[in-house]
Amino acid sequence: MGIKIFRRKYTVRRFGPQEDVSGGYTTAPFEDVVTPLNVQPLSTKELMALPEGDRSTKRVKAFGDLQLTAADQYQGTPGDWLFYRGAWYKCVSALPWDHTMLAHCRSEFVIVPEGELPFNMEPPGGPPKEDE
C-alpha cells in the first residue's frame, strides 16, 4: 500500500516484446498507464555510488504500488518509461519492497536519449496538435 500522500499521477509507457521491422530496426508496441508515484531526483550519495561517467546523465527514482519493469534483453522487452517534466525516462531498475507494511516498488530511471525512434518519444496522448 505505501504512503500515498506524497504521490502524484504520472504516465508510465509499458512496452511489449520487440518486433523486427524492415529497414533494419526494431519496434515494440506500447500502452500508456497513469499511476500515482512519488518521483524524486537521486540523492548526492546515490549519485556518488554510480560510475563517474554515469553521474552526468539525468536520473530519477520513483516509489509506487505499480510493479514497474526494467529492460530485459534476453526476452527483447524494453523497460517501462516514465514521463517526467516533459521528458521520457527509461526504467533501469525496479525492485519490490514488500518486507514492511509500507510495501511498494522502488524504481530508478535514466533519461531516454534523443536518438530514440520518434514514434516512441511522442508525449502521452499522442503527438501535439498543430495548433498547440
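This report walks through the confidence, strand pairing, aromatic contacts and salt bridges of a predicted model.

**Confidence**

Let us start with how far the predictor trusts its own work. The protein chain has an average pLDDT of 80, and 80% of the residues reach at least 70. Among the helices and strands, strand 6, covering residues 81-84, has the highest confidence with 95, while helix 1, residues 44-48, has the lowest with a mean of 73. One stretch deserves a friendly word of caution: residues 128-132 stay under 50 in pLDDT. For that stretch the model has 1 contact beyond four places in sequence.

**Strands 6, 7 and 8**

Strand 6 is a good place to enter the fold. Strand 6 runs antiparallel to strand 7 (87-97), and 4 bridges join the two. Within this pairing, Leu82 stands opposite Tyr89 of strand 7. The two strands make a hairpin with 2 residues between them.

What is the sign of phi at Arg85, a residue other than glycine? The value is positive, near 50°. Arg85 sits in the turn of the hairpin, that is, in the loop between strand 6 and strand 7. Arg85 counts as exposed, because its relative accessibility of 76% is over the 50% cut-off.

On from there, strand 7 also pairs with strand 8, residues 104-111. This pairing is antiparallel too and extends over 8 bridges. Here Leu95 is found opposite Arg106 of strand 8.

**Aromatic rings**

The whole structure holds 6 aromatic pairs. One of them is formed by Phe15 and Phe30, with 5.6 Å from centre to centre and 65° between the planes, an edge-to-face arrangement. The pair connects distant parts of the chain, since Phe15 belongs to strand 1 and Phe30 to strand 4 (residues 30-41), 15 residues apart. The two partners differ in burial: Phe15 is buried at 9% relative accessibility, whereas Phe30 is partly exposed at 25%.

Why does the pair of Trp81 and Trp88 count as tilted? The ring centres are 5.9 Å apart and the planes meet at 50°, so the pair is tilted. Both of these tryptophans are buried. A single aromatic cluster takes in Phe15, Phe30, Trp81, Phe83 and Trp88, and the two pairs described here thus have their rings in one group.

**Salt bridges**

A search of the whole structure gives 4 salt bridges. Three of them are set out below, with the N to O distance of each.

| Basic residue | Acidic residue | N to O distance |
|---|---|---|
| Arg7 | Asp65 | 3.3 Å |
| Arg13 | Asp32 | 2.7 Å |
| Arg59 | Glu108 | 3.2 Å |

Take the salt bridge between Arg7 and Asp65 to begin with. Arg7 lies in the segment before strand 1 and Asp65 in the loop between strand 5 (59-64) and strand 6, so this pair ties together parts that are 58 residues apart in sequence. The side chains of Arg7 and Asp65 are also joined by a polar contact of 3.3 Å. Arg7 is buried at 12% relative accessibility, whereas Asp65 is partly exposed at 39%. Arg7 has another distant partner in space: its C-alpha atom and that of Pro36 are 5.4 Å apart, although 29 residues separate the two along the chain.

Next comes the salt bridge of Arg13 with Asp32. Arg13 is in strand 1 and Asp32 in strand 4, so parts that are 19 residues apart in sequence are tied together. Is Arg13 buried or exposed? Arg13 is buried, with a relative accessible area of 1%. Asp32 counts as partly exposed at 30%.

Glu108 and Arg59 make up the remaining row of the table. Glu108 belongs to strand 8 and Arg59 to strand 5, so the pair links parts that are 49 residues apart in sequence. Both Glu108 and Arg59 are buried.

**Putting the pieces side by side**

Strand 1 and strand 4 share two kinds of side-chain link: the aromatic pair of Phe15 with Phe30 and the salt bridge of Arg13 with Asp32. Strand 8, for its part, pairs with strand 7 and holds Glu108, the partner of Arg59 in strand 5.

Note on methods: Residues are numbered from 1 along each chain as its sequence is written. Side-chain values use heavy atoms; hydrogens and water are left out. Buried means under 20% relative accessible area, exposed over 50%, partly exposed in between (1.4 Å probe, protein chains only). A polar contact is a pair of N or O atoms within 3.5 Å; within protein, one must be able to donate a hydrogen and the other to accept it, and residues adjacent in sequence count only if both atoms are side-chain atoms. pLDDT is the predictor's confidence in each residue, from 0 to 100. Helices (H or I, at least four residues) and strands (E, at least two) are DSSP runs, numbered from the N terminus. Contact means heavy atoms within 4.5 Å. Rings of Phe, Tyr and Trp (its six-membered ring) pair if their centres lie within 6.5 Å; planes under 30 degrees apart count as stacked, over 60 as edge-to-face and the rest as tilted. Two strands pair if DSSP finds at least two bridges between them. A salt bridge is a side-chain nitrogen of Lys or Arg within 4 Å of a carboxyl oxygen of Asp or Glu.
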